[in-house]
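Colleague: I am new to this structure and would like a close look at one part of it. Please take the salt bridges and go through them in order.

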Amino acid sequence: MTELGRRERKKLQTRQSIADAALELFMARGFDDVGVKEIADRADVSVTTLFKHFPSKESLLFDEDEEQEAALLDAVRGRPAGKSIPQALRDHFVAAAKGHADHPLFVDFQRLVRTTPALRAYGHRMWMRHQEALARVIAADIGAPEGDVRCAALARFALEARDVIFDQPDRERAADEVFGLLEHGWAADQQA
């Protein structure tokens, strides 16, 4: 891993400071009751600097997009021999749900996103942006041509499944059922 230079470290610190200030203010007062100037002031940066790091107010809460995509793609690429793609994605979502649930602000963060239409819509759009990359990785893995509709469908269904799974009290059981359906299909499920 390469050592970051001083300038890059400073940029990352500024970005993290802005994201932390936004999260703190949004959690305390709600998304709609906090302005970007107030966030910039709390992070001790200008509004211009804030927007250099984050393109919109909504993006302040979704600052791990690249890391999430990398982990999602690694779940497919790095799965053990004999494990299917739906099983690997199921395991990834269960691990992510458990990891998030351990964070002290997770429940409050989820509530904030679910009860704020702008955040809910933005979060969904951001998450679904991974569909194309996931479909390409799936296609490459199974030797299908890029643009294969089955790979695109599996990617879409798997990504959409996250919200269904995260909305359930027993996320692991929900993941088993959803990804079992993706693995075996509806007709097979109805015969069980």
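Modeller: What follows covers the salt bridges, with the place and exposure of the residues that form them.

This is a predicted model. A search of the whole structure finds 15 salt bridges. Three pairs and one network are described here.

Start with R162, which lies in helix α9, residues 149–166. The side chain of R162 meets that of D163 in a salt bridge, with an N to O distance of 3.8 Å. That distance counts because the cut-off for a salt bridge is 4 Å. The two partners differ in exposure class: R162 is buried, with a relative accessible area of 17%, whereas D163 is partly exposed at 31%. R162 falls in the buried class because its 17% is under the limit of 20%. What else does R162 touch, leaving aside its neighbours within four places in sequence? R162 is in contact with Q68, F93 and W127.

The next pair is R114 and D167, whose side chains meet in a salt bridge at 2.7 Å, N to O. R114 lies in helix α6 (residues 106–115) and D167 in the loop between α9 and α10 (171–184), so this salt bridge ties together parts that are 53 residues apart in sequence. Both ends have some exposure to account for. R114 has a relative accessible area of 36% and is partly exposed. D167 is also partly exposed, with a value of 48%. D167 is not classed as exposed because its 48% does not pass the limit, which is over 50%.

The third pair sits within one helix. R136 and E132 both belong to helix α8, which covers residues 131–142. They are four residues apart, or about one turn of the helix. Their side chains meet in a salt bridge with an N to O distance of 3.2 Å. R136 counts as partly exposed at 37% relative accessibility. E132, at 57%, counts as exposed, because exposed means over 50%.

Last comes a case with several residues. K83, R90, D91, E172 and D176 are linked in a network of salt bridges.

To put the pairs together: R114 and D167 connect a helix with a loop, while R136 and E132 share helix α8. In the remaining pair, R162 is the buried partner and D163 the partly exposed one.

Definitions and conventions
Residues numbered from 1 in each chain as written. Predicted model: local features only at pLDDT ≥ 70, side-chain atom pairs only at ≥ 80, totals over all residues. Heavy atoms only, no water. Helix = DSSP H or I, 4+ residues; strand = E, 2+ residues; numbered from the N terminus. Buried < 20%, exposed > 50% of the residue type's maximum accessible area, 1.4 Å probe, protein only. Contact = heavy atoms within 4.5 Å.
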